[in-house]
Amino acid sequence: MDFIPAGEIIGDAHQVRLVRIAQNPLLPDGEYKFIDSYCSDPNCDCRKTMIQVMHNKKLVSIINYGWETPAFYEKWLGNKEKDDPMPSMSGASIDINSPNLVDTEEMLALFNTLLNDIWIAKFKNHYKKFKAAIAQ
Ligand SMILES: [Zn+2]
């Protein structure tokens, strides 16, 4: 399935998160842009975002984040994936297609540190608007 940055679908209603990093021993200094994207299938209710992390206009990492509980995704996947070695869709993980140009564990740690109720509410809101826009 295709993931499209929220801004391309919902325009001005979308806000990208910018974070400035300095003196982190594992991440290069500078501005990091977190661009949340959502799956473009109007019939799919995956309730997750794929976040492209840009540093100096370069894609350095891709993070998957699912805001629902592990039980939600297990049910959504139909329980058949229980023994599947795939990482859980719940919470944050590095995407399999991430270019990994920065330390992956540190990037995940940074993401989890930045993650708060306001940001999670934004993801849910962007997802809702995005799905409503592509359903038309
Ligand atoms: Zn989906």
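## Close-up views of a predicted model

**View 1. The whole chain, for orientation.** The chain holds 4 helices and 6 strands. This is a predicted model, so please read every value below as computed from it. Starting at the N terminus, the order of elements is β-α-β-β-β-β-α-β-α-α. Along the principal axes, the C-alpha atoms fill a box of roughly 45 × 40 × 25 Å. The radius of gyration is 15 Å, which agrees with the value near 14 Å that a compact globule of 136 residues would have. Of those 136 residues, 22% count as buried. Among contacts between residues at least 6 apart in sequence, 58% join residues at least 24 apart.

**View 2. The largest nonpolar core and its contributors.** Here you are looking at a set of 20 residues. Tyr38, Ile51, Val53, Ile63, Met107 and Phe130 are the members with the most contacts inside the core. Two or more residues come from each of helix H1 (6-10), strand S3 (30-39), strand S4 (48-55), strand S5 (58-66), helix H3 (104-114) and helix H4 (117-135). To follow one member outward, start at Phe130: leaving aside neighbours within four places in sequence, Phe130 is in contact with Ala6, Ile9, Ile10 and Tyr38.

**View 3. The two sides of helix H3.** Met107, Leu110 and Phe111 are the buried residues of this helix. They lie on the same side of H3, because they cover an arc of only 100° around the axis. The general geometry is a handy reminder here: an α-helix has 3.6 residues a turn, so residues three or four places apart point the same way. On the other side of H3 you will find Glu105, Asn112 and Thr113, which are exposed. What do the buried residues of H3 pack against? Their partners are S4, S5 and strand S6 (91-94).

**View 4. Strands S3, S4, S5 and S6 and their pairing.** S3 and S4 pair in the antiparallel sense over 6 bridges, and within this pair Asp36 has Ile51 of S4 as its bridge partner. S4 and S5 are antiparallel too, with 8 bridges. Two residue pairs help to trace that ladder: Lys48 stands opposite Gly66 in S5, and His55 stands opposite Lys58 in S5. S5 and S6 also run antiparallel, joined by 4 bridges. There, Asn64 is matched with Ser93 in S6.

**View 5. The hairpin turn at Asn56.** S4 and S5 form a hairpin with 2 residues between them. Asn56 sits in the loop between these strands. Its backbone is worth a look: Asn56 has a positive phi of about 50° although it is not a glycine. For context, most residues other than glycine have a negative phi. Is Asn56 buried or exposed? Asn56 counts as exposed, because 11 C-beta neighbours lie inside 10 Å and the cut-off for exposed is 12 or fewer.

**View 6. Asp29, across from the turn in sequence.** Asp29 lies in the loop between strand S2 (17-21) and S3. With 11 other C-beta atoms within 10 Å, Asp29 is exposed. Which residues does Asp29 contact, once neighbours within four places in sequence are left aside? They are Ile21 and Ala22. For a distance to check in your viewer, take the C-alpha atoms of Asp29 and Asn56, which are 27 residues apart along the chain and separated by 9.8 Å.

**View 7. Asn64 and its surroundings in strand S5.** Asn64 belongs to strand S5. Asn64 is partly exposed, because 19 other C-beta atoms lie within 10 Å, whereas a buried residue needs 20 or more. Leaving aside neighbours within four places in sequence, the contacts of Asn64 are Lys48, Met50, Ala92, Ser93 and Asp95. Ser93 is also the bridge partner of Asn64 in S6. The C-alpha atoms of Asn64 and Lys48 are separated by 7.2 Å, with their positions 16 residues apart along the chain counted as the sequence separation.

**View 8. Asn100 in the loop before H3.** The last view turns to the loop between S6 and H3, where Asn100 lies. Asn100 has a positive phi near 50° and is a residue other than glycine. Asn100 is partly exposed, with 13 other C-beta atoms within 10 Å.

Notes:
Residues numbered from 1 in each chain as written. Predicted model: local features only at pLDDT ≥ 70, side-chain atom pairs only at ≥ 80, totals over all residues. Core = buried A, V, L, I, M, F, W, Y, C linked by C-beta atoms within 7 Å. Contact = placed C-beta atoms within 7 Å. Arc of directions from axis to C-beta. Pairing = 2+ DSSP bridges. Rg over C-alpha atoms; globule rule 2.2 N^0.38 Å.
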